[in-house]
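Here is a short tour of one chain, starting with its domains and moving on to a sheet and the helices that lie across it. Keep the structure open beside you as you read.

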Amino acid sequence: MMPPEQETTIATNIPAITTRQETSSVHHESEGSNTNKIKPSLELDDNGIPPQQQTQPTTPPPPSRFSVLHQSLRPITLKFEDVSYTITFESQKKKGCVLRKESKLRRKVLTGVTGVANPGELTAMLGPSGSGKTTLLTALAGRLAGKVSGTITYNGHTDPTFVKRKVGFVPQEDVLYPHLTVLETLTYAALLRLPKSLSREEKKEHAEMVITELGLTRCRNSPVGGCMALFRGISGGERKRVSIGQEMLVNPSLLFVDEPTSGLDSTTAQLIVSVLRGLALAGRTVVTTIHQPSSRLYRMFDKVVVLSDGYPIYSGQAGRVMDYLGSVGYVPAFNFMNPADFLLDLANGVVADVKHDDQIDHHEDQASVKQSLMSSFKKNLYPALKEDIHQNNTDPSALISGTPRRCDNHWTSSWWEQFRVLLKRGLQERRHESFSGLRIFQVLSVSILSGLLWWHSDPSHVQDQVGLLFFFSIFWGFFPLFNAIFAFPLERPMLIKERSSGMYKLSSYYAARMVGDLPMELVLPTIFITISYWMGGLNPSLVTFVLTLLIMLFNVLVSQGIGLALGAILMDVKQATSLASVTMLVFLLAGGYYIQQMPAFIAWLKYISFSHYCYKLLVGVQYSVNEVYECGQGLHCRVRDFPAIKCLELEDTMWGDVAALTVMLIGYRVVAYLALRMGQPH
Ligand SMILES: Nc1ncnc2c1ncn2[C@@H]1O[C@H](COP(=O)(O)OP(=O)(O)OP(=O)(O)O)[C@@H](O)[C@H]1O
């Protein structure tokens with residue numbers, strides 16, 4: 001392990017972005033030599049490379065107040081040898097109208113991929129669509145579910161959790177909250193990811209710094225937006241930079257970026273790759289997959305790994321690829337050929353642009369071309385790569401960082417701080433939906449309509465009044481349940497992304513989500529009950545009204561808990577909605593309003609129906625024990641003897657029903673939490 005004082009020396013000497021000429025000097029910097037401090041920028045020179053900034057005197061710069069992007073950068077050398085991965089899936093066959101699962105099929109997606117990515121280098125994974133680039137990147141990041149064979153080491157260590165907080169991963173699809181602005185997104189990431197040693201203000205300034213570094217100043221206050229045209233926000237390129245910015249905040253030593261340029265115009269693609277190059281030049285190991293790089297982009301790569309059907313056909317210096325291909329008989333027919341195009345053609349087995357040479361017998365069919373390139377890799381490149389991988393002594397990063405410290409796995413902020421930040425972020429992200437006009441309209445219109453239907457109902461019309469109470473319990477059983485079902489399935493990608501990089505504990509996220517949902521969950525039913533209760537002419541006692549309201553809020557929270565649990569268990573909105581409809585229908589029928597004499601063998605159903613307890617409590621507080629109603633001319637009967645109420649078996653005390661609802665309130669939330677935990681990384 002590196003002594004702390006040594007780490008500080010390195011820290012102050014590693015610039016955020018260094019000059020191109022300094023590429024090879026990254027390791028020297030690490031050894032303590034003085035380097036020029038360069039101000040980062042996104043403007044490009046003629047070659048599409050960030051221009052060199054003014055160099056400052058060669059004396060070490062004074063430690064910056066906001067220097068976390070320079071500090072504790074511990075270079076990581078990534079080595080991978082014979083990485084193979086097989087997927088297993090079930091084949092399906094149609095029998096009549098039904099799809100049946102048949103035998104399990106296995107397919108090898110990666111075979112024997114080998115390479116080395118060093119600090120200070122930008123390594124690109126190239127290959128045709130479906131060749132296994134994303135799978136390889138995910139495997140190298142230690143995020144692939146299932147068994148990966150071969151060896152992947154991070155400074156010689158095989159366990160990716162050792163370097164978890166030093167690894168950044170930017171997936172192909174940007175996983176961002178659409179309603180947060182760029183500034184909010186990066187500020188929350190900074191608050192959750194930067195170390196405890198920095199104050200909140202310093203963390204916020206880091207977010208600002210990343211915005212400037214990534215050229216996002218113009219759109220800092222614009223909402224990120226979704227991919228769909230329904231809610232447009234910043235552009236695709238800006239969104240990609242926000243995703244990269246989130247990872248930059250952890251000052252990763254090893255950064256994986258999946259397809260950062262897909263769907264972007266060449267200038268924006270250039271901008272993004274130059275950002276990655278800048279990050280690499282500052283001593284990081286950056287690995288990216290890329291689909292079809294232009295020659296301008298290709299020139300920015302230090303190394304490339306080329307895949308064809310999951311097999312490597314080249315792994316090494318980007319600048320040497322044409323020489324290598326020439327040496328194995330594949331010389332391009334034109335002088336000015338984009339190496340990436342040539343490589344991709346060959347990876348597809350296409351030799352249309354290969355110079356014909358009578359001396360060399362070229363395979364014409366695609367399978368033979370691929371086979372010949374795979375064999376050439378095995379024969380010519382693999383031995384040298386293997387030797388490189390096994391020479392630990394010359395691994396500069398191993399010298400610098402030594403054994404990764406276990407403390408890397410400590411949380412960067414306290415539980416309470418995580419809770420606070422996540423709560424605020426959740427409230428901000430969901431503010432648009434919490435009190436959306438549509439929801440308010442929905443609740444107001446139903447409450448006014450029910451108030452009109454039951455307008456000042458006569459107390460002697462007991463059946464009507466209990467009908468209104470049952471309607472309360474049903475409406476506020478369905479509504480929160482169906483809203484809550486969406487919570488976790490929709491948040492899942494974000495949860496997986498953020499938890500994979502160790503941003504926060506699941507318990508702090510869960511608690512923040514529960515608390516954050518309360519305002520919306522409680523305010524709307526309060527408005528609803530207030531309107532319907534008084535319009536409907538229920539018991540005018542203020543105490544009865546308040547008790548009715550409290551029971552309804554309790555009911556809302558229980559129903560929400562069921563929705564959360566179903567969503568968390570199934571993680572599929574469609575399935576969860578179908579199951580919830582059936583469940584609610586059963587609870588509604590067993591509630592005690594429609595059927596008063598249930599057969600004994602199925603009467604137990606009412607004990608699992610929260611609607612039953614809620615309805616019982618509502619009726620119980622509405623009518624006192626000896627309350628009477630006019631059941632005929634001059635005749636008065638006890639309300640509790642009314643058939644629809646009598647069958648509810650109301651006791652003097654209703655604490656049993658309150659206890660049953662309390663168990664459900666807590667129980668469903670515990671189930672939801674456990675289901676989430678089981679579906680999570682770690
Ligand atoms: N979970 C899975 N189930 C079925 N097939 C899979 C799975 N994961 C990967 N594959 C298959 O493995 C192959 C490699 O996929 P991968 O996404 O790594 O390719 P890629 O090179 O990144 O493609 P693209 O450039 O189109 O994103 C593909 O043929 C894909 O269909």
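## Two domains

In this predicted model, the domain assignment of the chain gives domain 1, made of 78-88 + 106-391, and domain 2, covering 415-678. Taken over C-alpha atoms, the centres of domain 1 and domain 2 are 49 Å apart.

Where the two touch, domain 1 contributes 15 residues and domain 2 contributes 14 residues. If you want a place to look on the domain 1 side, try helix 4 (residues 182-193): five residues come from there, the largest share of the side that touches domain 2. Sorted by class, that side of domain 1 holds nine nonpolar residues, one polar residue and five charged residues.

## A six-stranded open sheet

Next, find the open sheet of six strands, whose order is 5-6-7-3-8-9 and whose pairing is mixed. Strand 5 (167-170) and strand 9 (311-317) form its edges, each pairing on one side only. From one strand to the next, the twist averages 15°.

For a detailed look, take strand 6 (residues 254-257) and strand 7 (residues 285-289), which pair in the parallel sense over four bridges. Here Val-257 stands opposite Thr-288 in strand 7.

## Helices across the strands

Two helices are worth tracing against these strands. Helix 3 (residues 133-140) lies across strand 3 (122-126), strand 6, strand 7 and strand 8 (303-308), and runs at about 155° to strand 7.

Helix 10 (residues 339-347) lies across strand 3, strand 8 and strand 9. Relative to strand 8, helix 10 runs at about 25°.

Conventions:
Residues are numbered from 1 along each chain as its sequence is written. This is a predicted model: local features need pLDDT of at least 70, side-chain atom pairs count only at pLDDT 80 or more; totals for chains, interfaces and linings use all residues. Two strands pair if DSSP finds at least two bridges between them. Axes are lines fitted to C-alpha atoms, for helices over the stretch in contact, and angles run from 0 to 180 degrees between N-to-C directions. Two residues are in contact if their C-beta atoms, placed from the backbone, lie within 7 Å. Domain bounds come from an automatic or database domain assignment. Ala, Val, Leu, Ile, Met, Phe, Trp, Tyr, Cys and Pro count as nonpolar, Asp, Glu, Lys and Arg as charged, and the others, Gly among them, as polar.
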